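Q: Got a minute to go through a model with me? I'd like to start with the charged pairs and then wander through the rest.

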Amino acid sequence: LSVERLKTPPRIVVLLDSSGSMKGSTKKALKATANFLKGLPANSLVTLIDFDTKPKVLGTGNPKKIVTLLPKVKANGATALYDSIIKGLNTLAGANRATLIVFTDGKDANWNDSGPGSKATQKEVFAKVKASRVPIFSIGFGKKVLSFHKWGTEWKISMIPLGGYVKMKGQDDSDPTKVNMDEDSYNTKTPIQRIFILLAGPLANFVLAFVFYFLIALGGPNVV
C-alpha cells in the first residue's frame, strides 16, 4: 500500500452574479474574486461564468488569465441563479477535484423580483446538486437567510454563521440516555458512519474560515 499526493490540478468554476442588484457590490465582489484567484495553485484550471439574465462563459484558463477577464463583468439584468448553477455543474462534469464557487447577493429572480429568473426550477437544481456530488461554496453579499428541508434533512444558513453543527435523529448530546433505535437514527449507524456525522460540523467550520477569507479581502486596503 502506498500513499501518494494527488497531482491532478484543481478544476474550479466561479459563478459571478452581475445582476442589477449587484451594482453597489460589484467592485468589492471583483476584488474578492481576484484575491481568491491569486491564491489558487498556478496550475488550477478555472472557468469564469458571469450571470445576470442568463449565464455567460467569459473564459477558461489558469488563475492569472481569469483575473484579466474580471473587468468584463458589468452589473445589469435579472438573476438567473438556478440556470447558472446547473451550467456550472455541467461544466465540471467528469472533472477531478471539482469545486463550484458562487458569488451572489440574493435569490433567483427576474429584474423586478416579481418572479423567477431561471428556466430551471429549485427542484431541478437540488436534483442536479445531489447527482453531481460537486462541493458548492456560496459567498453571499446580502442578508439572505436560507432554510429548507430536503432528503429528510433541514439545511440552514444563519445570518451570523458562527460555527457549524450537525445533529442527527436520535443524537441528544444533552441527555445520552435518550435512545432512538429507528432505522434512520444515529444509534443504528456503523462506527464509520458516526465518525462522518461527527466530522460534518467541524468541516462546516473550515467552510466558514473560507468565507471569512473573502470577507477580509472585501475590507482590505486599497492599493493605488
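**Salt bridges, loops and cores**

A: Sure. This is a predicted model, and a good place to start is the salt bridge between the side chains of D50 and K56, at 3.8 Å from N to O.

Q: How many salt bridges are there by this rule?

A: The count is two. In the other one, the side chains of D52 and K56 meet at 3.1 Å, N to O. Salt bridges with shared partners link D50, D52 and K56 into one network.

Q: Why would those side chains pair at all?

A: In general, side chains of opposite charge can pair when their charged atoms come close.

Q: And K56, is that buried or partly exposed?

A: K56 counts as partly exposed, because its relative accessibility is 29%, and buried would need under 20%.

Q: What about D50, buried or exposed?

A: D50 is buried, at 4% relative accessibility. D52 counts as buried too, with a value of 11%.

Q: Where does D52 sit?

A: D52 is in the loop between β2 (45–51) and β3 (55–61).

Q: Which residues does D52 touch, if you skip those up to four places away in sequence?

A: D52 touches S18 and S19, plus the run N76, G77, A78, T79 and A80.

Q: OK, S19 then. Where's that one?

A: S19 belongs to the loop between β1 (11–17) and α1 (26–38). S19 has 0% relative accessibility, so it counts as buried.

Q: What does the S19 side chain make polar contacts with?

A: One polar contact, at 2.8 Å, is with the side chain of D17. Another, at 3.1 Å, joins the side chains of S19 and T79.

Q: And which residues is S19 in contact with, leaving aside its neighbours within four places?

A: The list for S19 is F51, D52, A75, N76, G77, A78, T79 and D105.

Q: Let's switch to the interior. Which residues have the most contacts inside the largest nonpolar core?

A: They are V14, L16, L37, V46, L48 and L70, in a core of 20 residues. Two or more core residues come from each of β1, α1, β2 and β4 (98–104). The largest share, six residues, is from α1.

Q: What does L70 touch, again without its close sequence neighbours?

A: Leaving aside residues within four places in sequence, L70 is in contact with L16, L30, T33, A34, L37 and L48. Apart from that largest core there's another, of 16 residues, with Y82, L89, A120 and V125 among them.

Q: Back to α1. Which of its residues are buried?

A: In α1 the buried ones are T26, A29, L30, A32, T33, A34, F36 and L37.

Q: How does the span of α1 compare with what its residues should give?

A: It agrees: at 1.5 Å a residue the 13 residues of α1 should span 18 Å, and the end C-alpha atoms are 18 Å apart.

Q: Now β4. Is it covered or open?

A: Mostly covered, since seven of its seven residues are buried. On one side of β4 are A98, L100, V102 and T104, on the other T99, I101 and F103, and both faces are covered.

Q: How does β4 pair with β1, and over how many bridges?

A: The pairing of β1 and β4 is parallel, over six bridges. For L16, the bridge partner in β4 is F103.

Q: What about I12, where is that?

A: I12 is in strand β1, and it's buried, with a relative accessible area of 5%. Beyond its neighbours within four places in sequence, I12 is in contact with L40, L45, V46, T47, L92, T99 and I101.

Q: How far from I12 is R97, in sequence and in space?

A: I12 and R97 are 85 residues apart in sequence and 8.1 Å apart in space, C-alpha to C-alpha.

Q: Last bit, the overall picture. How many helices and strands does the protein have?

A: There are five helices and seven strands. Along the sequence the pattern reads β-α-β-β-α-α-β-α-β-β-β-α.

Q: And what share of the residues is buried?

A: Of the protein's 224 residues, 35% count as buried. As for contacts between residues at least 6 apart in sequence, 69% join residues at least 24 apart.

Methods: Residues numbered from 1 in each chain as written. Predicted model: local features only at pLDDT ≥ 70, side-chain atom pairs only at ≥ 80, totals over all residues. Heavy atoms only, no water. Helix = DSSP H or I, 4+ residues; strand = E, 2+ residues; numbered from the N terminus. Contact = heavy atoms within 4.5 Å. Buried < 20%, exposed > 50% of the residue type's maximum accessible area, 1.4 Å probe, protein only. Polar contact = N/O pair within 3.5 Å; in protein donor to acceptor, adjacent residues only side chain to side chain. Salt bridge = Lys/Arg side-chain N within 4 Å of Asp/Glu carboxyl O. Expected span 1.5 Å × (residues − 1). Core = buried A, V, L, I, M, F, W, Y, C linked by side-chain atoms within 4.5 Å. Pairing = 2+ DSSP bridges.
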